[in-house]
Amino acid sequence: LRNLVWATSKHDVYLMSHNSVIHWSTLTSEKKQVLDVGGHVAPCEKHPGNLLEGFNRIQVSTLAVKNNLLVAGGFQGELICKYLQRKGISYCTRTTYDDNAITNAVEIYDSPSGALHFLASNNDCGLRDFDMEKFQLSSHVRFEWPVNYTSLSPDGKLVVVMGDSPNGILIDSVTGKCIQELHGHLDFSFASAWHPNGFTFATGNQDRTCRIWDTRNLSKSVAVLGGNLGAITSIRYTSDGRFMAMAEPADFAHIFDVKSNYEQKQEIDFFGEISGMAFSPDAEALFIGVWDRTYGSLLQYSRRRNYHYLDSMM
């Protein structure tokens, strides 16, 4: 329950609710079912490697929505791909049949060729790249430990890989070769995110810290940010790079002002397990999902601005 909330605009949010992926509109305050995984799920298109028989009752472990593509990962290595503007499901596949098969994270991105791809991080120690133009696996990189999260750099050349190891890895996105190990965390890692500037990134760990790294000098992290009670399980930057948010497993989310060198911060305190969080693409809203029988909800926070007289004249 770390990455089950995605915002495609400040008015459109996708999240898990019981056995469904739903779309929530902040304009109309209405929700609409996008994908039902409570029963039989099968694709309606034919592609090489597509499991036409589909799956039954998927327990979704992770979710990503971008460029009209929705990808849901399951606890048994399932992957379901649905284009929001098409009827039905386009593609179903199982990454592995290993017992330890959880799909931990998915990241959707545009490849240099213009084709839509996504990265799938898996508990079987694999990082897989899928081409959604050809609907096929394009690469598979194996590691010595389960992969909990990966982040692709804004220029698409580097990937931060975090998992069941104190040390993260920075790899080449094309060859999969290790460029640099990241030393500093004390436990397993669950999250990472790139700053839009392309040379700064953050990693979240079970040691209750988030570390900030600079690719121009990776010998040590440039900052260490602490949480309150638990691991740092989710990290997000705003599209303008001004703010970074990090979430603990429950009760706390922290927002840092990047411009102040992460010294100015705001703490959001509430009740319940955090199922994910997302900034809107225009950086005007932050959404936090609360997965709890009693306090289950979607929290929305708006960016606060201090306008000066000159700003109002412009």
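Contact here means heavy atoms within 4.5 Å. The structure is a predicted model, and the contacts of two residues, Phe130 and Asn123, are described before the strands, cysteines and salt bridges.

Phe130 lies in strand 13. With neighbours within four places in sequence left aside, Phe130 is in contact with Leu79, Tyr91, Thr93, Thr95, Leu116, His117, Phe118, Ala120, Gln136, Leu137 and Ser138. The relative accessibility of Phe130 is 4%, so this residue counts as buried. Its C-alpha atom is separated by 37 Å from that of Glu267, a residue 137 positions away along the chain.

Asn123 is placed in the loop between strand 12 (116-122) and strand 13 (126-131). Its relative accessibility is 11%, and because buried means under 20%, Asn123 counts as buried. Outside the four places on either side in sequence, the contacts of Asn123 are Asn100, Ala101, Ile102, Asn104, Pro146, Val147 and Asn148.

An unreviewed UniProt entry lists residues 182-223 as "repeat: WD". In the model, this span is 48% strand and 0% helix, and its end C-alpha atoms lie 13 Å apart. Strand 19 covers residues 189-194; six of its six residues are buried, so the strand is largely enclosed by the rest of the structure. Strand 19 pairs with strand 20 (residues 200-205) in the antiparallel sense, over five bridges. Among the facing residues, Ser189 has Asn205 of strand 20 as its bridge partner, and Trp194 stands opposite Phe201. The two strands form a hairpin with five residues between them, in which Gly198 takes a positive phi near 90°.

Strands 19 and 20 belong to an open sheet of four strands, with the order 19-20-21-22 and antiparallel pairing. The edges of this sheet are strand 19 and strand 22 (223-226); each has a single partner strand, so one side of each is left without a neighbour in the sheet. From one strand to the next, the twist averages 20°.

Further along the chain, strand 24 (residues 243-247) is mostly covered, four of its five residues being buried. Strand 24 runs antiparallel to strand 23 (residues 234-237), to which four bridges join it. One of the paired positions is Ile235, whose bridge partner in strand 24 is Met246. Strands 23 and 24 form a hairpin with five residues between them, and Gly241 in the turn has a positive phi of about 75°. Strand 24 also pairs with strand 25 (residues 250-257), again in the antiparallel sense, over five bridges. Here Met244 has Phe256 of strand 25 as its bridge partner. The hairpin formed by strands 24 and 25 has two residues between the strands.

The structure holds zero disulfides. Cys125 is in no disulfide, and the nearest cysteine sulfur, that of Cys178, is 16 Å away. Cys178 is likewise in no disulfide, with the sulfur of Cys125 as its nearest cysteine sulfur. Cys125 has a relative accessible area of 18% and is buried, whereas Cys178, at 47% relative accessibility, counts as partly exposed.

Six salt bridges are found in a search of the whole structure. One of them is formed by the side chains of Lys10 and Asp282, at 4.0 Å from N to O. This pair links distant parts of the chain, 272 residues apart: Lys10 is in the loop between strand 1 (5-9) and strand 2 (12-17), and Asp282 is in the loop between strand 26 (265-279) and strand 27 (285-291). Lys10 counts as partly exposed at 34% relative accessibility, and Asp282 is partly exposed with a relative accessible area of 35%.

Another salt bridge joins the side chains of Arg86 and Glu45, at 3.2 Å from N to O. Arg86 lies in the loop between strand 9 (78-83) and strand 10 (91-94) and Glu45 in the loop between strand 5 (40-41) and strand 6 (55-56), so the pair ties together parts that are 41 residues apart in sequence. Arg86 is partly exposed, with a relative accessible area of 37%, while Glu45 is buried, at 18%. Asp214 forms a salt bridge with Arg216, and the closest N and O atoms of this pair are 2.7 Å apart. Asp214 counts as buried at 15% relative accessibility, whereas Arg216 counts as exposed at 60%.

Note on methods
Residues numbered from 1 in each chain as written. Predicted model: local features only at pLDDT ≥ 70, side-chain atom pairs only at ≥ 80, totals over all residues. Heavy atoms only, no water. Buried < 20%, exposed > 50% of the residue type's maximum accessible area, 1.4 Å probe, protein only. UniProt positions renumbered as here; feature names shortened; annotations may be inferred. Pairing = 2+ DSSP bridges. Axes fitted to C-alpha atoms, helices over the stretch in contact; angles between N-to-C directions. Disulfide = S-S within 2.5 Å.
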